[in-house]
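Work through the exercises below with the sequence and the 3D view at hand. Try each task before you read its solution.

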Amino acid sequence: YGDENAYMMPTEASIGINRHTRITGVQREDKNYFGSIHFGLGTNADVGGTVKSKLHMDGVILQPTVIVDGVTKIERGEFLVDLSLDSSK
């Protein structure tokens, strides 16, 4: 692309928490799939970031293992943390 910023990664990252999505091949839905993660590279200025590029691409990982500070939070796409919205727990 002739654009050094095209290789900046991650310019966005998220964990899918929508139990009602299905894998369709359309990243707008796929990246929200429950237990998945996704990373974007390239521009993020269109969503409030500071990276401007000629390119933006997302990649979805369907059954990730996510470890934060040595603690496994997701294993093979299964959450190991409480996702309830009850703040008293």
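## Exercise 1: A strand residue

Isoleucine 67 is found in strand S4. Strands are DSSP runs (E, at least two residues) and helices are DSSP runs too (H or I, at least four), numbered from the N terminus. The model is predicted: local features need pLDDT of at least 70, side-chain atom pairs count only at pLDDT 80 or more, and totals for chains, interfaces and linings use all residues. Residues are numbered from 1 along each chain as its sequence is written, and side-chain values use heavy atoms, with hydrogens and water left out.

Task: decide whether isoleucine 67 is buried or exposed.

Solution.
- Step 1. Take the cut-offs: buried is under 20% relative accessible area, exposed is over 50%, and partly exposed is in between (1.4 Å probe, protein chains only).
- Step 2. Read the value: isoleucine 67 has a relative accessible area of 54%.
- Step 3. Conclude: isoleucine 67 is exposed.
- Step 4. Add a distance: the C-alpha atoms of isoleucine 67 and glycine 77 are 12 Å apart, with their positions 10 residues apart along the chain.

## Exercise 2: The whole chain

Task: find how many helices and strands the chain has, and in what pattern they follow.

Solution.
- Step 1. Count the elements: the chain has one helix and six strands.
- Step 2. Read along the sequence: the pattern is β-α-β-β-β-β-β.
- Step 3. Take the extent: the C-alpha trace spans about 50 × 30 × 25 Å along its principal axes.
- Step 4. Look at burial: 27% of the 89 residues count as buried.
- Step 5. Look at contacts (heavy atoms within 4.5 Å). Of those with a separation of 6 or more, 44% join residues 24 or more positions apart.

## Exercise 3: The aromatic pair

Task: the structure holds one aromatic pair. State which rings form the pair, and why the pair is called tilted.

Solution.
- Step 1. Take the rule: rings of Phe, Tyr and Trp (its six-membered ring) pair if their centres lie within 6.5 Å; planes under 30 degrees apart are stacked, over 60 edge-to-face, and the rest tilted.
- Step 2. Apply the rule: the rings of phenylalanine 34 and phenylalanine 79 have centres 4.9 Å apart and planes at 50 degrees, so the pair is tilted.
- Step 3. Place the partners: phenylalanine 34 is in the loop between helix H1 (27-30) and strand S2 (37-42), and phenylalanine 79 is in strand S6 (residues 78-79), so the pair ties together parts 45 residues apart in sequence.
- Step 4. Check the cover: phenylalanine 34 is partly exposed at 22%, whereas phenylalanine 79 is buried at 17%.
- Step 5. Look for a charge over the ring (NZ of Lys or CZ of Arg within 6 Å of the ring centre and within 35 degrees of the ring normal). The charged end of arginine 19 sits over the ring of phenylalanine 34, 4.0 Å from its centre.

## Exercise 4: Two buried loop residues

Task: find where lysine 31 and asparagine 44 lie, and what each of them contacts.

Solution.
- Step 1. Lysine 31 is in the loop between H1 and S2. Its relative accessible area is 14%, so lysine 31 is buried.
- Step 2. Beyond neighbours within four places in sequence, lysine 31 contacts residues including Glu12, His38 and Asp58.
- Step 3. Asparagine 44 is in the loop between S2 and strand S3 (56-61). At 10% relative accessibility, asparagine 44 is buried.
- Step 4. With neighbours within four places left aside, asparagine 44 contacts Thr11, Gly49, Thr50 and Val51.
- Step 5. From asparagine 44 to histidine 56 the C-alpha distance is 7.6 Å, and they are 12 residues apart in sequence.

## Exercise 5: Positive phi angles

Task: for aspartate 69 and arginine 76, state where each lies and what its phi is.

Solution.
- Step 1. Aspartate 69 is in the loop between strand S4 (66-68) and strand S5 (71-75). Its phi is near 50 degrees, a positive value in a residue other than glycine.
- Step 2. Arginine 76 is in the loop between S5 and S6. Its phi is positive, about 50 degrees, although arginine 76 is not a glycine.
- Step 3. Check the cover: aspartate 69 is exposed at 79%, and arginine 76 is exposed at 60%.
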